Amino acid sequence: MVRDMMGTTTTTSSGGCGGGGDMNMNMNEKPAWLERLMAETFFGACGVHQDRRKNEKNVFCLHCCLSICPHCLSSHRSHPLLQVRRYVYHDVIRLDDLEKLIDCSNIQPYTINSAKVIFLNQRPQSRTCKGPANSCFTCDRILQEPFHFCSLSCKVDYMVYAGQSLGSILHRFDESDFAISQFEGLRVDGSEVTEEDTQIAPSSSYSNTEATSNSVISCEPNNNVKKGKANRFLPGIVLSLGSRRKGAPHRAPLS
């Protein structure tokens, strides 16, 4: 089955949260699946499987337009499913998956475990771009050339604000590309069997400007990143508890 991401399919059943595919639909409006994907809260506990372990909701059902946990997969076996990953409390999606649904050009990708990913939403930042540096058109986050957006939501929000048609960036896709079989190597905790410690870096080289304004992104070379979890979460902090020597006690003179 081929699905049109404006909400229609090539079959007689439109299905899903995209509605009936009204031809008079405003092409500047966000389709339901896209709006829900960007607004959905992922990695919270699944309300249906509260008594089960590893019940974080890290899968988005493109048919039902809601987040589900790995225990819910059997109930959505025939639906197209999109896996959401997380890095430092921010949701990311693999570029290879996302660009089958929507044009991701001009969005800066990052690399996690040799796979390019796109941030789903903009991230908080300590300061905005000042001066001639290349920055996000929506949130002013510093970017490398030639990208214009730091996340999917920044691109979509900019196009809506500018009155540009979202229909020009939405793709028809084959639902078999998002079949449940893609989750065969997925643990119930949402991580892949082959993934270990996660590191993230821009997909191509650029200056350290981003690193100075945002602690989430690491621009360090790969051979300097893997120094253990303690150093990764607390850089520059060294605790020494066993090196102190006690001096000789000094008694007060007897009066």
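1. A quick definition to start: a residue is called buried under 20% relative accessible area, exposed over 50%, and partly exposed in between. Tyrosine 158 has a relative accessibility of 28%, so it goes down as partly exposed. Keep in mind throughout that this is a predicted model.

2. Now the overall picture. The chain has 255 residues, and 40% of them are buried. Its secondary structure adds up to 6 helices and 11 strands. Take the contacts between residues at least 6 apart in sequence: 56% of these join residues at least 24 apart. As for the surface, about 15000 Å² is exposed, with carbon and sulfur atoms supplying 49% of that.

3. On to the aromatic rings. How many aromatic pairs are there? The count is 6. One of them brings together phenylalanine 42 and phenylalanine 60, whose ring centres are 6.2 Å apart. Their planes meet at 70°, and over 60 degrees counts as edge-to-face, so that is the label this pair gets. The two residues are 18 apart in the chain: phenylalanine 42 belongs to the loop between α1 (32-39) and β3 (59-61), while phenylalanine 60 is in strand β3 itself.

4. Are these two rings' residues, phenylalanine 42 and phenylalanine 60, buried or exposed? Phenylalanine 42 is at 2% relative accessibility, so it is buried. Phenylalanine 60 comes out at 0%, so it is buried too.

5. Another pair worth a look is phenylalanine 137 with tyrosine 158, which is tilted, with 5.4 Å from centre to centre and 55° between the planes. Phenylalanine 137 sits in the loop between β9 (115-119) and α3 (152-161) and tyrosine 158 in helix α3, so the pair ties together parts 21 residues apart in sequence. Phenylalanine 137 has a relative accessible area of 41%, so it is partly exposed. Add Phe149 to Phe137 and Tyr158 and you have one aromatic cluster.

6. Two rings also have a charge over them. Arginine 123 places its charged end over the ring of phenylalanine 119, 3.8 Å from the ring centre. Over the face of phenylalanine 178 you'll find lysine 100, at 5.9 Å from the centre of that ring.

7. Back to the loop between β9 and α3, which also holds glutamine 125. What does glutamine 125 touch, leaving aside residues up to four places away in sequence? The answer is Cys139, Asp140 and Arg141. With cysteine 139, the side chain of glutamine 125 reaches the backbone oxygen at 2.9 Å. The C-alpha atoms of glutamine 125 and cysteine 139 are 9.4 Å apart, and 14 residues separate the two along the chain. Glutamine 125 has a relative accessible area of 24%, so it counts as partly exposed.

8. Proline 146 is in that loop between β9 and α3 as well. Check the peptide bond leading into proline 146 from glutamate 145: it is cis, with omega near 5°.

9. Finally, two backbone angles to look at. Cysteine 65 has phi near 60°, a positive value in a residue other than glycine. Cysteine 65 belongs to the loop between β3 and β4 (66-68), and at 1% relative accessibility it is buried. Serine 114 has a positive phi too, near 70°, and is likewise a residue other than glycine. Look for serine 114 in the loop between β8 (110-112) and β9. Its relative accessible area is 77%, so serine 114 is exposed.

Terms used
Residues are numbered from 1 along each chain as its sequence is written. This is a predicted model: local features need pLDDT of at least 70, side-chain atom pairs count only at pLDDT 80 or more; totals for chains, interfaces and linings use all residues. Side-chain values use heavy atoms; hydrogens and water are left out. Rings of Phe, Tyr and Trp (its six-membered ring) pair if their centres lie within 6.5 Å; planes under 30 degrees apart count as stacked, over 60 as edge-to-face and the rest as tilted. Helices (H or I, at least four residues) and strands (E, at least two) are DSSP runs, numbered from the N terminus. Buried means under 20% relative accessible area, exposed over 50%, partly exposed in between (1.4 Å probe, protein chains only). A charge sits over a ring if NZ of Lys or CZ of Arg is within 6 Å of the ring centre and within 35 degrees of the ring normal. Contact means heavy atoms within 4.5 Å. Accessible areas come from the Shrake-Rupley method with a 1.4 Å probe; for residues, only the protein chains shown count as cover. A polar contact is a pair of N or O atoms within 3.5 Å; within protein, one must be able to donate a hydrogen and the other to accept it, and residues adjacent in sequence count only if both atoms are side-chain atoms.
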